[in-house]
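Biologist: I should like to learn how to read a protein model step by step. May we begin with the picture itself?

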Amino acid sequence: MDGIVYDLCIVGAGLIGSAAARHATIISPNAKICLIGPNEPKERSIFASHYDEGRITRILDTDPTWSVLSRRSVSRYRDIEQKTGKFYLKIGHSSQKGNDLHTENDVKDWFKKTEGCKSMFQQLMKAMFDIVKGVQPVSTHSNTCVTTLTPTLNIYCDMVTPTLGLAVGGCGHGAKASDEIGKMAARMVIAGKWDHDLPADRFRVRFKNEFNSKL
Ligand SMILES: Cc1cc2nc3c(=O)[nH]c(=O)nc-3n(C[C@H](O)[C@H](O)[C@H](O)COP(=O)(O)OP(=O)(O)OC[C@H]3O[C@@H](n4cnc5c(N)ncnc54)[C@H](O)[C@@H]3O)c2cc1C
């Protein structure tokens, strides 16, 4: 360890954690902030959400909370854009797989070692070529996706103790909205209390044994 005492430690350098770190440094430029987590892997050796080339993104959602989070994040995409000269076109589907996945290891193996449903991939490719005429991709591939749903279907962003906050549970669409979620979490932890214009109750963590909680 480097012997530095940090003012804020963010555990998890994924989409929300890295956005929280970005905003925490903007809100408190003089604070000592560290972001803890594995580097981006070259292949799917880590069981996490964000190791992916592209993102499906939209600002409309049946839940207005997600719309607000996404709209604000999308408006800041230019701030975090990295120009690679490559363009990715990503398509997803919502079919559920699960009947033959019984344990966490089953899910990990499926996620890391397979490339998803080949017939679905072919259908999606056909749909894409029907809609986007003339596109000539350099390469195509399919991959698996695992998402975490909270019982409220909203992200959990809450203080668990006076000095420990959490922001977890992307419910399958956390990537597109992660910049605003990270900002919300950074403001909350730095203030030590809720500090956002959206209502805190939308994001309140539900613990195991609380009504309707499946945690
Ligand atoms: C394949 C896939 C595709 C997706 N596509 C989309 C999409 O197109 N659009 C969209 O909006 N959403 C998409 N999602 C959902 C989105 O990626 C997640 O909602 C989002 O990444 C959640 O952000 P997060 O920071 O909570 O988690 P993550 O991005 O998974 O980050 C968590 C991080 O914590 C790290 N970590 C875990 N344990 C520890 C530990 N003990 N110590 C330190 N670090 C730790 C992990 O390595 C990881 O880096 C997709 C998810 C998957 C799996």
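Biologist: In strand 1 (residues 8–11), which side chains point to one face and which to the other?

Modeller: Please bear in mind that this is a predicted model. The side chains of strand 1 alternate along its length. L8 and I10 share one face and are buried, whereas C9 and V11 point to the other face and are not buried.

Biologist: With which strand does strand 1 pair, and in what sense?

Modeller: Strand 1 pairs with strand 2 (residues 33–36) in the parallel sense, over four bridges. Within this pair, C9 stands opposite C34 of strand 2. The chain passes from strand 1 through helix 1 to strand 2, a β-α-β crossover that is right-handed.

Biologist: Which helix gives the most to the shell around the ligand?

Modeller: That is helix 1 (residues 15–27), which gives three residues. There are 29 residues around the ligand, and G12, G14, S49, G170 and G174 come nearest. By character, the shell divides into 13 nonpolar, twelve polar and four charged residues.

Biologist: How should one read a helix, and is helix 5 buried or in the open?

Modeller: In general, an α-helix has 3.6 residues a turn, so residues three or four places apart point the same way. Helix 5 (residues 118–131) has 14 residues and reaches 20 Å from its first C-alpha to its last, close to the 20 Å expected. The number of its residues that are buried is zero, so helix 5 lies largely in the open.

Biologist: Into which domains is the protein divided?

Modeller: Domain 1 comprises 8–40 + 50–85 + 149–203, and domain 2 comprises 93–144. Their centres, taken over C-alpha atoms, are separated by 26 Å.

Key:
Residues are numbered from 1 along each chain as its sequence is written. This is a predicted model: local features need pLDDT of at least 70, side-chain atom pairs count only at pLDDT 80 or more; totals for chains, interfaces and linings use all residues. A residue is near a molecule or strand if its C-beta atom, placed from the backbone, lies within 6 Å of it. Helices (H or I, at least four residues) and strands (E, at least two) are DSSP runs, numbered from the N terminus. Ala, Val, Leu, Ile, Met, Phe, Trp, Tyr, Cys and Pro count as nonpolar, Asp, Glu, Lys and Arg as charged, and the others, Gly among them, as polar. The expected span of a helix is 1.5 Å times one less than its number of residues. A residue is buried if 20 or more other C-beta atoms lie within 10 Å of its own, exposed if 12 or fewer, and partly exposed in between; C-beta atoms are placed from the backbone. Two strands pair if DSSP finds at least two bridges between them. A crossover is right-handed if, with the strands pointing away from the viewer, the path from the first strand over the helix to the second runs clockwise. Domain bounds come from an automatic or database domain assignment.
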